[in-house]
Amino acid sequence: MTSKGSSAIEAEHTVFSRAVGWIRRNLPRREHFERNRWLRPVAHRVLAPALWRFTRRSVPRGVALGVVTGILAPVAQIPLSAVLALPFRANIPAAALTTFITNPFTTPAIWVGAYWTGKWMLDFDRAVPAGRIASKVAENTGWLHWLIADAGPATAIGLITLSIGGAILGYAASSVGWRLWIARKWKRRSVGVH
């Protein structure tokens, strides 16, 4: 292997190590929730050890839940995902971390994608029988009417569709990733590398 290829692998490993370190430092821990005065009444439920263990079933549930709350909830995404993790027996750290799918960089793209997805699903253009009528109506409507009659419902339907699709994809990807990680771990253990 050339030195150029070796340095690229080392740089990739360094970036990955930094990302894993950042995630470990910023994941919510049980101790953080124990000290929170707002959670004391429900602390016995939120701090159940099963919700904090990383298992093959709880992590994909947490990822799916985090995607749904990340896309559909405009505020308080992490607390909402922690509360919703209770009935679904989902991993709280995985749910909380996955809510960051929406951030200032990705939110505009998600909302535009949601609008176009909803518009395609609702297909407003075919609801009007004649093209000439549709063009006349479009010429005479203002942006507020467009927002209420077209963009609002289309975006809402699109957000729901994207969150369900993203949850299914997140669940499947984290399940496959979990299985690959465990298989790699067993393979390394059988070879004797730790």
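Is arginine 89 buried or exposed? At 55% relative accessibility, arginine 89 counts as exposed, where exposed means over 50% relative accessible area, buried means under 20%, and partly exposed is anything in between (1.4 Å probe, protein chains only). The model is a predicted one, so to speak with some caution built in: local features need pLDDT of at least 70, side-chain atom pairs count only at pLDDT 80 or more, and totals for chains, interfaces and linings use all residues. Residues are numbered from 1 along each chain as its sequence is written, and side-chain values use heavy atoms, with hydrogens and water left out.

Now for the overall layout. The chain has 10 helices and zero strands; both are DSSP runs numbered from the N terminus, with helices being H or I over at least four residues and strands E over at least two. Reading along the sequence therefore gives α-α-α-α-α-α-α-α-α-α. Of the 194 residues, 28% count as buried. About 13800 Å² of the chain is exposed, and carbon and sulfur atoms supply 67% of that; such areas come from the Shrake-Rupley method with a 1.4 Å probe, and for residues only the protein chains shown count as cover. Contact means heavy atoms within 4.5 Å, and among contacts with a separation of 6 or more, 75% are between residues 24 or more positions apart.

On to the inside. The largest nonpolar core has 14 residues, and those with the most contacts inside it are Phe33, Leu47, Leu51, Trp52, Leu65, Ala85 and Ile92. A nonpolar core here is a set of buried Ala, Val, Leu, Ile, Met, Phe, Trp, Tyr and Cys residues joined through side-chain atoms within 4.5 Å. Helices α3 (43-46), α5 and α6 each supply at least two residues of this core, with α5 giving the most, at three. Apart from this core lies another, of five residues, among them Val67, Ile110, Ala114 and Leu159.

Leucine 65 and serine 81 touch each other in this picture. Leaving aside neighbours within four places in sequence, leucine 65 is in contact with Ser81, Leu84, Ala85, Phe88, Ala90 and Ala95. Serine 81 sits in helix α5 and is buried, with a relative accessible area of 0%. With the same neighbours within four places set aside, the contacts of serine 81 are Leu65, Thr69, Ala95, Ala96 and Thr99.

Back at the surface, Leu72, Ile160, Ile164 and Ile168 form a nonpolar patch with about 370 Å² of accessible area together. Patches are made of residues with over 30% relative accessible area and no salt bridge, with like charges joined within 9 Å and nonpolar side chains (Val, Leu, Ile, Met, Phe, Trp, Tyr) within 5 Å; a salt bridge is a side-chain nitrogen of Lys or Arg within 4 Å of a carboxyl oxygen of Asp or Glu. Helix α10 (residues 143-191) gives the most to the patch, with three residues. Isoleucine 164, found in α10, is partly exposed at 48%. Alanine 172 is in α10 too, and is partly exposed at 37%.

Finally, two loops. Alanine 76, in the loop between α4 (58-72) and α5 (77-88), has a positive phi of about 55° although it is not a glycine. Arginine 89, in the loop between α5 and α6 (92-98), has a phi near 50°, again positive in a residue other than glycine.
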